[in-house]
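Have the sequence and the 3D view open side by side as you read. The sections below go residue by residue and region by region, so you can click along.

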Amino acid sequence: MLEGRSNSELAIELVNAGMRLPLVHALTGLCSSRLRNLYKSVNGNSAPPGRTPEYAHLLIKNREQALEAAKFIIHYNLISKERGNGSSGCRVVDPEVLLKAYEFYEQITKAPLNINLACYIMRDLGSGRLTTRRCAKCGILYAFSHANEAMQTCPMC
C-alpha cells in the first residue's frame, strides 16, 4: 500500500465511499464473508443484494454522465502520474489512486459519479473495453465506446 494502509483499512474507506462489496473484494482481495461483516459494522446494516453491472458503458446514459466520466479520468491520471504510476495505460486499477481521485473529484463537482462507476470506468479502460479519445476541437480526453451512443463523441462539445 502506498500510504501504509492495510487492506482492511482500505476496504473500510472504500465501503464508506459507497463502493459495492464485489468491487471492494476485487481491489483488496479480502474474502466476501469478512467484507460483509465489515460492511455491517461500518453501516449498521447488511450490504445491498444484487449483481453489479458488468461494464461502465452500460451505466453511462447521457452526455452529462460521459462528461463526468471524462473529469474523473483526468483526476485519476493526474494522481496516478503524481504517484509515479504512469498514465491510465496501467491494466490494473490502483485502489489507493482510485480513492484519492474520487475524493478529489467529489470535492470539485456538483454532480459526482458514484465510486462504483468510477471504478468500472478505470477497470474498463485498463482492460480495453473502453478507450480514450482526445477531442480534435476542445482537446478533452474522454472515454469512448462503440456500444454506447453517449460515449461516441466529445461530451464537452
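## Tyr76 and its partners

In this predicted model, Tyr76 is in contact with Val92, Val93, Asp94, Val97, Leu98, Ala101 and Met122, once its neighbours within four places in sequence are set aside. Several of these names will come up again. Tyr76 is also among the residues with the most contacts inside the largest nonpolar core, in the company of Leu14, Met19, Phe72, Leu98, Ile121 and Met122.

## The nonpolar cores

How many residues does the largest nonpolar core have? The count is 41. Two or more residues come from each of α1 (7-16), α2 (21-28), α3 (32-43), α4 (63-82), α5 (95-108), α6 (115-127) and β2 (141-144). Helix α6 gives the largest share, with eight residues.

There is also a second core, separate from that one, made of seven residues. Leu67, Ala70, Tyr142 and Phe144 are included in this second core.

## Two residues of helix α2

Thr28 and His25 both make good stops along this helix. Thr28 lies in α2, and its relative accessible area of 7% falls under the 20% cut-off, so Thr28 counts as buried. A polar atom of the Thr28 side chain lies 2.8 Å from the backbone oxygen of Val24. Beyond four places in sequence, the contacts of Thr28 are Asn7, Leu10, Ala11 and Leu14.

His25 is found in α2 too. Is His25 buried or partly exposed? With a relative accessible area of 35%, His25 is partly exposed. Not counting residues up to four places away in sequence, His25 touches Leu30, Cys31 and Leu35. If you trace the chain back to Ala11, you will find that Ala11 and His25 are 14 residues apart in sequence, with 8.1 Å between their C-alpha atoms.

## Ala56, a buried loop residue

Next, look at the loop between α3 and α4, where Ala56 lies. Although Ala56 sits in a loop, its relative accessible area is 0%, so Ala56 is buried.

Which residues are in contact with Ala56, leaving aside its neighbours within four places in sequence? They are Leu117, Tyr120, Ile121, Asp124 and Leu130. For a sense of distance, Ala56 and Asn116 are 60 residues apart in sequence, yet 9.2 Å apart in space from C-alpha to C-alpha.

## Ser145, after β2

Ser145 has its place in the segment that follows β2. Its relative accessibility is 4%, so Ser145 counts as buried. The Ser145 side chain reaches the backbone nitrogen of Ala147 at 3.1 Å. Farther along the sequence than four places, Ser145 is in contact with His57, Leu130, Met151 and Gln152.

## The largest pocket

Finally, turn to the largest pocket, which has a volume of about 180 Å³. Its lining consists of Pro22, Leu23, Ala26, Leu27, Thr52, Pro53, Val92, Val93, Cys119, Tyr120 and Arg123. By type, these lining residues divide into nine nonpolar, one polar and one charged.

Helices α2 and α6 each supply at least two residues of the lining, and the largest share, four residues, comes from α2. Some familiar names return here: Val92 and Val93 line the pocket and are in contact with Tyr76, while Tyr120 is in the lining and is in contact with Ala56.

How values were computed. Residues are numbered from 1 along each chain as its sequence is written. This is a predicted model: local features need pLDDT of at least 70, side-chain atom pairs count only at pLDDT 80 or more; totals for chains, interfaces and linings use all residues. Side-chain values use heavy atoms; hydrogens and water are left out. A nonpolar core is a set of buried Ala, Val, Leu, Ile, Met, Phe, Trp, Tyr and Cys residues joined through side-chain atoms within 4.5 Å. Buried means under 20% relative accessible area, exposed over 50%, partly exposed in between (1.4 Å probe, protein chains only). Contact means heavy atoms within 4.5 Å. A polar contact is a pair of N or O atoms within 3.5 Å; within protein, one must be able to donate a hydrogen and the other to accept it, and residues adjacent in sequence count only if both atoms are side-chain atoms. On a 1 Å grid over the protein atoms alone, a cavity is a set of points where a 1.4 Å probe fits but cannot get out, and a pocket is an open set with protein on both sides within 12 Å along at least five of seven lines; lining residues have an atom within 4 Å of a point. Grid points are joined across faces, edges and corners, and a volume is the space filled by probe spheres set on the points. Ala, Val, Leu, Ile, Met, Phe, Trp, Tyr, Cys and Pro count as nonpolar, Asp, Glu, Lys and Arg as charged, and the others, Gly among them, as polar.
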